[in-house]
Amino acid sequence: MNEEHKKNNYTNPSAYLNRDLSWIEFNRRVLQEAQDPDNPLLERAKFLGIVTSNLDEFISVRVAGIQDQIRAGYTKKDFTGYTPSGLHKRLYKRVGKIVYDQYRTFRDISRSLNKEGIILVDYEDLTHAQEAAVEEYYRDIIFPILTPMAVDQSRPFPLVHSLFIYLAVVLKKEHAEEDEFYFAILQIPSNLPRCIPLPHRANSKRRQFVYIEDVIRAHIGTLFSGYHPVAVNEFRLTRNSDLSIDEEGAEDLLEEIEKELRKRRRGVPARLEVQKGIHPYALEQLLAEFEIGHFVYEIDGPLDLGFLRQFSGSLKGYGYLNYPPIEPVYPAEFDETEDFFEVLRERDVLAYHPYESFESMIDFITQASEDDQVMAIKMTLYRVSGNSPLITALAYAAESGKQVTVVVELKARFDEERNIAWARKLEQAGCHVVYGLVGLKTHAKITLIVRQEGNELRRYVHIGTGNYNENTAKIYTDISLFTSRDDAGLDASELFNQITGYSTNHDWKSFVVAPVSMSLTLNKLIKRESEHAAAGRPARIIAKMNSLSNQQVIDELYEADQAGVSIDLIVRGVCCLRPGVPGLSERITVRSIVDRFLEHSRIYYFENGGDPEVYLSSADWMTRNLTRRVELMCPVKDKTAREQIVHILEVTLRDNVKSSFLQSSGNYERPNDEKAPYRSQFAAMNVENWKYTQASPSDPMHS
């Protein structure tokens with residue numbers, strides 16, 4: 001592509017899609033799963049809950065950040081052509097549309113649940129027996145933990161916590177002649193069930209529930225004796241939840257983060273949700289207190305549909321309304337022996353989660369912790385489960401005299417408190433706990449085990465595309481690579497040395513590390529495909545990731561497109577690249593798969609003139625991953641493992657059921673072809689199929 005052509009296209013904001021608007025489109029694809037009648041009913045309800053939790057995080061981080069820019073007077077356009085103010089207005093409308101569709105979908109799902117005997121009952125429709133049971137539950141369980149909080153001259157507005165449901169109560173004094181309103185708020189207990197089960201006959205197939213906020217509303221008079229409740233309405237506040245940490249000025253990073261977590265509770269209000277038809281006086285009080293103009297939504301239904309995830313999972317006897325449970329298989333290579341090290345001395349092993357069990361990773365660390373020949377274990381932890389057996393194994397290893405080093409990322413958003421707790425537990429057990437590098441998040445997923453074997457030390461390495469979390473490993477698609485290759489072992493040692501010490505300027509044998517070299521390496525790999533295309537050699541890029549938003553990488557892909565490279569992008573969430581534009585991106589396709597499991601693996605394939613290279617990575621192609629995080633991209637050199645990953649890509653590219661294709665307009669569309677339906681995640685559940693079946697000429701990789 002000549003420089004004038006590049007200038008005309010790449011300096012034009014219309015060549016890119018906005019990151020935040022693209023995220024809205026992703027959440028709409030999640031909502032489509034809740035609307036899809038082919039999905040099991042309770043799975044649809046769970047997807048609806050996911051839409052809410054996604055929006056909560058988006059508002060508390062992305063929208064709140066834009067609002068900070070507006071308050072600071074920042075007016076510069078981003079590379080997609082939006083000022084903060086202009087983008088804020090667009091997001092307000094887009095979010096409002098999604099919320100409207102979300103509650104329309106909720107009403108549809110509720111009707112379907114009613115037909116199945118799962119009924120969310122309005123309080124006024126309770127039978128006398130049900131009302132008596134609920135009244136007893138209120139008196140014995142709910143009432144003792146409620147705290148009504150009046151707002152007047154002597155009692156200022158109390159702290160309202162982010163993402164909790166409250167009742168706004170408008171009152172009048174009983175028998176008072178004046179027409180004066182009084183105002184109070186009441187937090188709905190979050191440690192009690194949102195939906196209270198109602199009594200039912202032993203042989204009844206019907207299960208009825210009532211919302212806890214409806215029960216409290218019906219008994220509000222018990223909290224304000226001498227006053228008459230005029231109106232009782234729900235509201236919910238979302239605060240700015242991003243942390244602002246001065247790492248360089250912090251004497252103790254752990255204490256600094258704990259301090260910032262306390263500040264988060266008082267973050268600037270970013271969104272207010274109120275019950276439709278809220279009393280004008282109550283709304284006036286809330287708006288005055290929170291000083292919020294935009295991002296106020298009246299909700300026609302129960303606030304915070306996130307409860308549907310837990311509610312759907314708690315129902316017993318309705319298995320037919322869920323997906324059949326998946327039983328992950330244990331990787332066959334390890335299943336034949338109890339000695340991981342023996343297997344890895346012979347070959348690399350690949351595990352594809354959740355179809356293959358994450359227990360293999362836990363067993364790997366457990367064996368290392370108990371092996372007398374293991375001298376050291378080093379591991380990065382970004383997001384860990386609440387009761388992780390990995391922590392137990394690492395603590396045991398340290399207590400047994402092994403050198404255990406754990407890089408705990410304290411700044412993993414919304415997991416900060418949990419990670420602080422794990423860091424302290426590991427330190428107490430004798431582990432060396434490191435909090436990473438100043439100004440960078442450690443996002444790489446890597447474990448190094450050093451073992452004495454005869455007269456030499458041998459290194460064993462695990463590299464993952466996802467977190468060391470056995471809970472998310474059941475619902476996220478990720479890849480684990482186990483290896484004892486010398487180059488991986490040497491690079492793993494150096495990577496940990498750079499994180500924990502002062503080592504720099506390493507000549508990496510195989511690893512590609514951000515923020516040191518990943519951007520440059522990606523540029524070289526993409527340009528190499530362009531050179532192959534120009535010379536008439538096979539040239540193709542397949543990249544599977546969660547998000548693509550880095551302008552430099554997008555521009556490099558545009559250049560490769562114009563050089564003749566075929567590019568298939570599998571991007572689950574945000575994508576700022578605009579595909580299918582003549583003279584810019586006509587050889588680029590972008591598809592997103594939203595299905596039962598969260599597509600999370602990062603896989604990068606470069607055809608390389610007929611000698612393909614495949615990489616696994618912790619990094620998406622986002623600016624934060626390439627410049628502000630410690631990330632890892634590792635080539636897969638074992639022939640069998642590489643073929644297995646290629647087959648995973650083949651299976652993914654064949655999906656015509658849950659794939660949505662990004663159009664040049666920025667919209668996503670499902671494929672409209674006459675091929676037999678092919679659902680990649682269902683195909684992957686047949687582990688032998690993806691792991692051992694070789695590509696055929698009809699597969700997409702060869703088309």
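**Helices and sheet in the predicted model**

Helix H8, which comprises residues 280-290, lies across strands S3, S4 (182-187), S7, S8 and S9, and its direction is at about 170° to that of S8. This description, like those that follow, refers to a predicted model. Strand S8 (269-275) is also crossed by a second helix, H3 (residues 41-71), which lies across S7 and S8 and runs at about 135° to S8.

The strands named above belong to an open sheet of six strands, arranged in the order S2-S4-S3-S7-S8-S9 and joined by mixed pairing. Its edges are formed by strand S2 (149-151) and strand S9 (296-299), each of which pairs on one side only, and the twist from one strand to the next averages 30°. Within this sheet, strand S3 (residues 165-173) and strand S7 (residues 227-239) run antiparallel and are joined by nine bridges; Leu171, for example, has Pro229 in S7 as its bridge partner.

A further packing arrangement involves helix H16 (residues 518-534) and helix H17 (residues 551-563), whose axes are 8 Å apart and meet at an angle of about 10°. Because angles under 35 degrees count as roughly parallel, H16 and H17 are therefore described as roughly parallel to each other. On the H16 side, the contact is made by Leu522, Asn523, Ile526, Lys527, Ser530, Ala533 and Ala534, while H17 contributes Val553, Glu556, Leu557, Glu559, Ala560 and Ala563. When the residues of this contact between H16 and H17 are sorted by character, eight are nonpolar, two are polar and three are charged.

Note on methods
Residues numbered from 1 in each chain as written. Predicted model: local features only at pLDDT ≥ 70, side-chain atom pairs only at ≥ 80, totals over all residues. Heavy atoms only, no water. Axes fitted to C-alpha atoms, helices over the stretch in contact; angles between N-to-C directions. Helix = DSSP H or I, 4+ residues; strand = E, 2+ residues; numbered from the N terminus. Parallel < 35°, antiparallel > 145°, perpendicular 65-115°, else oblique. Contact = heavy atoms within 4.5 Å. Nonpolar A, V, L, I, M, F, W, Y, C, P; charged D, E, K, R; others polar. Pairing = 2+ DSSP bridges.
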